[in-house]
Amino acid sequence: MISLEEAQQLILNEITPLPSEKAGLAAASGRVLAEDIYAGRSIPPHNNSAMDGYAVRAAEVAGASDSQPVKLRLVGELTAGAEVDLSIAPGEAIAVMTGAPLPDGANAVVQQEFTQQRGSEVEFYHSPKVGEHIRKAGEDITKGELALRRGSFISPPALGLLAALGRASVMVSRQPQVAILATGNELVEVGQP
C-alpha cells in the first residue's frame, strides 16, 4: 500500500494541461485564461472628470467660498465618451459629467454640489486644488502593461477589464470533460430504504 501523498503525486505526474480554445467574453466567464493579456490602450485613454461638475482653471476660482463666490462664463458641456473638441479660455468653465474628457486649458473639476448655474454663468463656492477630481490618462492601466496573467481565473471584474481593453474574445483553457461512474450495490433508487 502507498501513502495518500504518493498516490496524489502519481496522479499529478500523469496530468497534462488541456489545450486552449478561443472563447467570447460571455463564454469566458469562470474559465482560466490561457494567454497573457497586455493592454492595447491606456485606461482611461485621456484625462477625465471623476465627478459631475465644472472643468475650470484652478487659479481662476482660488479663494471661492460660500460668502465670496467666483463667477465664470459657461461655454459648453462634455459627457462621458465625448470627443475632446472644447477648450476653456480665461474666465470660462465647461460642464463635465463623470468620465467626460477634460477640456484643454482645464486643470481641476469643481463638484456640481459646490456650484450654482445662473443662465450662462456658474457661481463657484469652492476653491479646488490643481488636479482635483481628475483621473489621469493611464491611471488604471497603461498601454503595453500586463493586464491579466495567463492562468488567471476570469472573474466578473476581469471580464470588465477585458471589455474595457476592447477584447471580444480570449484564449482560455479547455474545460475538462468529467464523468461519474457509480458502482456497487449500496446505491438504491430514490425513495427506497
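## Glu-92 and its partner

Glu-92 is buried, with a relative accessible area of 11%, in what is a predicted model. The side chain of Glu-92 forms a salt bridge with Arg-73, and the closest N and O atoms of this pair are 2.7 Å apart. Because Glu-92 lies in strand 6 (residues 92–96) while Arg-73 lies in strand 5, the pair ties together parts that are 19 residues apart in sequence. Arg-73, for its part, is partly exposed, with a relative accessible area of 45%, which places this residue between the cut-offs of 20% for buried and 50% for exposed.

## Glu-123 and a network of charges

Glu-123 is also a buried residue, and its relative accessible area is 11%. The side chain of Glu-123 meets that of Lys-71 in a salt bridge, with a distance of 3.8 Å from N to O. Since Glu-123 belongs to strand 9 (residues 121–124) and Lys-71 to strand 5 (residues 70–78), this salt bridge ties together parts that are 52 residues apart in sequence.

Glu-123 takes part in a further salt bridge with Arg-118, where the distance from N to O is 3.3 Å. Arg-118 counts as partly exposed, at 48% relative accessibility, whereas Glu-123 is buried. Lys-71, Arg-118 and Glu-123 are thus linked in a network of salt bridges.

## The structure as a whole

A search of the whole structure finds six salt bridges, among them the pair of Glu-92 and Arg-73, the pair of Glu-123 and Lys-71, and the pair of Glu-123 and Arg-118.

How values were computed:
Residues numbered from 1 in each chain as written. Predicted model: local features only at pLDDT ≥ 70, side-chain atom pairs only at ≥ 80, totals over all residues. Heavy atoms only, no water. Salt bridge = Lys/Arg side-chain N within 4 Å of Asp/Glu carboxyl O. Helix = DSSP H or I, 4+ residues; strand = E, 2+ residues; numbered from the N terminus. Buried < 20%, exposed > 50% of the residue type's maximum accessible area, 1.4 Å probe, protein only.
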